Amino acid sequence: MTAVGSSLSAHHVNVERSGRRIIEAFDLCAAAGHVTAFAGPNGAGKSTALKALAGLLPYSGSIRIGARELRRLPLRERARTLAYVPQQSLLQGGITTRDVVSQGRYSHQASWSVWRGSLHGAVERAMLATQVMGLAARRWDELSGGEQRRVLLARALATEAPVVLLDEPTASLDVAHALRFLELLRQLAGAGQTIVVVLHDLQQVRRYADRAVLLDRGHIVASGTSAEVIAPERIRQVYGVELEENAALGYRLLASDSSERPL
Amino acid sequence: MMRMRSSIRHWIEAVLGTVQQSERTRLLAKFSALGLVLLASAWLSLHAGRGDLGDAALSARFVALRLHRSGVAFLGGAALAVAGVVVQGLFRNPLASPSVLGTSSGALFGGELVLVSSYAVLAGAAPFGLSAEMLMPIGCVLGALLSLALVLGLAPLRASAVALLLTGFLLSSLFLSLSELLKSLVQEKWQLLRVMTTLSLGNLSGAGPKQLALAGVLVCGSAGPAWLWSRELDLLSSGEEEAASLGVDLPRLRFWSVVWTAFLTAGAVAVGANAVFVGLIVPHGLRYLFGYAHRTLIPAAFLGGGTFLLCCDALCRALPLRNELPLSVVTGLIGAPVFLRMLARLERGTAQ
């Protein structure tokens, strides 16, 4: 992917929705090449924080991509810089996977130029990286939940944005699909992209994220390396549960399982 | 110059160029089929109605009359179907009709107001050297522009599509009430009432070259630009938030969609082609054939909507009744059952 090496930082960001402050004094520094995870209980403001970072909500404070302030970016340029993968897409059926992925090219096209996106190399690369090439001609509404996730990621990658934001991409995925999806995110980070992801599963945070931000009721409780953040005392404080090191069931992908099997 | 030439080439490729080869052939076949149906309908439409084309003295007159009328029917149907596709895309709802923005009831009210006031003040004579038959169409266009200005001025386009929908709905009721008020004021003048009913239910018996020119300018001048918003409408099918994250300027898309819908509905209403259901059933049927991508759906709706109304108008003329049926009666009788089926299908879809 192109344009790697942009970090995403937030300084003292507040987000209000209908008069209520959802996020308060949010700070973040997500570096290129890292997977940064947001964790926290339901209603902690993880998705809201992610949407604000994507430029989809009004905010006060400062959000920067590299050295540039987010709210000063023109719409299309913002879409070329930040890709956002929603928790649940409202995509209506009837359009093909290739057309969905091609939507990612919109921000690169001139106003009245036509939709030549599906011919663009970035679409092919994004579909290869997420292994959805075989689904190219399938209709969106015929895809399984796991396939839809990967198609949405492919659309985000087709924008060639250096920063990719994902809202709970592993929710509703079974254990194997979830782990494969997270492996894919690690590969993207390895290639120099900035990945920010909301995750519910603390094990996944610990295993796949470089850095983590633990949120509770709109505030940052802890932020640092994922091992520092997902620690027993923090988890007790935020979730009210006891973290039992090495006691819970753990999973990992089989060594033979990397790429031969379809995701 | 180079840039212009390449962008024209891009436009041509837009309809057929970006899809796979087999898909392209299939689309071409479908558009050709639609074209053939249109030709057949036009031929039927020329031969429908009273009056024998074999009569050497009159056949040229008949052909000219029916050609104008068929042309107006085609443009009116095309306008309604394209406007339907645009509002359905804008509100992400296949059950939205072109009248939801209040522009068609605004056009109706404008036409009726001009009709009544010219009758009351000028006793039917037309001012400014305008021909009398064009007074009402011009009133319709002005009425549509007024409701367009109101909807753009009052609806918070920045906020959401729902606010726009509500504003349109309220304006629509307002103009309908004003129309009814006007009708109740002139209820003793049955000729006036008759013309007003004809206008609101659609009837093309007055269509001539002037109406054809007016519809041509309004409909082609707005269906083309509406088509240029295909990509944005496609992206909007993913929801407003996702479309915004992919770079779509939503307020701008809403603004121009409302503008083109207003001109399209104005064109249809002004020439007497205000028929119900065309903007609903034609896009619905074409989505099965042509898919959901607006770059093909909008041209298909233009051809399909035009063909549909052409046939309905031919049916109006062919039925051996003392008075011609209004267009809305015919389109409604066809449309309501299809619409009920569509609702049942949607219900089943959500129940699953």
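What follows is a walk through a predicted model with two chains, A and B.

Let's start with how far the prediction can be trusted. The model scores ipTM 0.87 and pTM 0.87. Chain A has a mean pLDDT of 86, with 89% of its residues at 70 or more. Within chain A, the element with the lowest mean pLDDT is helix H9 (residues 232–239), at 87, while strand S8 (residues 194–198) has the highest, at 96. One stretch of chain A calls for care: across residues 258–263 the pLDDT is below 50, and beyond near neighbours in sequence this stretch has six contacts in the model. For chain B the mean pLDDT is 86, and 89% of the residues reach 70 or more. Here the stretch to watch is residues 15–19, where the pLDDT is below 50 and which has 14 contacts beyond near neighbours in sequence. Where pLDDT is low, predicted coordinates should not be read in detail.

Now to the overall make-up of each chain. Chain A contains nine helices and 10 strands, and 46% of its 263 residues are buried. If you take contacts in chain A between residues at least 6 apart in sequence, 69% of them join residues at least 24 apart. Chain B has 14 helices and zero strands, so its pattern along the sequence reads α-α-α-α-α-α-α-α-α-α-α-α-α-α. Of its 352 residues, 48% count as buried. With the same separation of at least 6 in sequence, 80% of the contacts in chain B join residues at least 24 apart.

In chain A, a good place to zoom in is an open sheet of four strands, ordered S2-S1-S4-S5 and paired antiparallel. Strand S2 (20–30) and strand S5 (68–69) of chain A stand at the edges with a single partner strand each, so one side of each is left without a neighbour in the sheet. Strands of a sheet pair through backbone hydrogen bonds, either parallel or antiparallel. Further in, strand S1 (residues 8–17) and strand S4 (residues 60–65) of chain A run antiparallel and are joined by five bridges. You can follow this pairing residue by residue: A:Ala10 stands opposite A:Ile63 in S4(A), and A:Leu8 has A:Ile65 in S4(A) as its bridge partner. A:Ile65 also stands opposite A:Arg68 in S5(A), which takes us on to the edge of the sheet. S4(A) and S5(A) pair in the antiparallel sense over two bridges. Together S4(A) and S5(A) form a hairpin with two residues between them, and A:Gly66 in the turn has a positive phi of about 60°.

Next comes the packing. The largest nonpolar core has 173 residues, and those with the most contacts inside it come from both chains: A:Leu53, A:Leu165, A:Leu185, B:Ala79, B:Val82, B:Ala266 and B:Ala301. Helix H3 (residues 59–90) of chain B gives the most to this core, with 14 residues. B:Ala301 is a handy residue to select in your viewer. Leaving aside residues up to four places away in sequence, B:Ala301 touches B:Ala81, B:Val82, B:Gly84, B:Val85, B:Val282, B:Pro283 and B:Leu286. Helix H13 (residues 294–318) of chain B has 25 residues and reaches 35 Å from its first C-alpha to its last, close to the 36 Å expected at 1.5 Å a residue. Of those 25 residues 22 are buried, so H13(B) is largely enclosed by the rest of the structure.

Helix H8 (residues 209–227) of chain B is worth a look too. H8(B) has 19 residues and spans 26 Å from its first C-alpha to its last, close to the expected 27 Å. Its buried residues are B:Gln211, B:Leu214, B:Ala215, B:Leu218, B:Val219, B:Ser222, B:Ala223, B:Ala226 and B:Trp227. These residues cover an arc of only 155° around the axis, which puts them on the same side of H8(B). An α-helix has 3.6 residues a turn, so residues three or four places apart point the same way.

Finally, a loop in chain B. B:Pro156 lies between helix H5 (132–154) and helix H6 (161–185) of chain B. B:Pro156 counts as exposed because it has 11 C-beta neighbours inside 10 Å, and the cut-off for exposed is 12 or fewer. The C-alpha atoms of B:Pro156 and B:Pro251 are separated by 9.0 Å, although these residues are 95 residues apart along the chain.

Technical notes:
Residues numbered from 1 in each chain as written. Chains lettered and ligands numbered in written order. Predicted model: local features only at pLDDT ≥ 70, side-chain atom pairs only at ≥ 80, totals over all residues. Buried ≥ 20, exposed ≤ 12 C-beta atoms within 10 Å, placed from the backbone. Contact = placed C-beta atoms within 7 Å. Expected span 1.5 Å × (residues − 1). Arc of directions from axis to C-beta. pLDDT = per-residue confidence, 0-100. Pairing = 2+ DSSP bridges. Core = buried A, V, L, I, M, F, W, Y, C linked by C-beta atoms within 7 Å.
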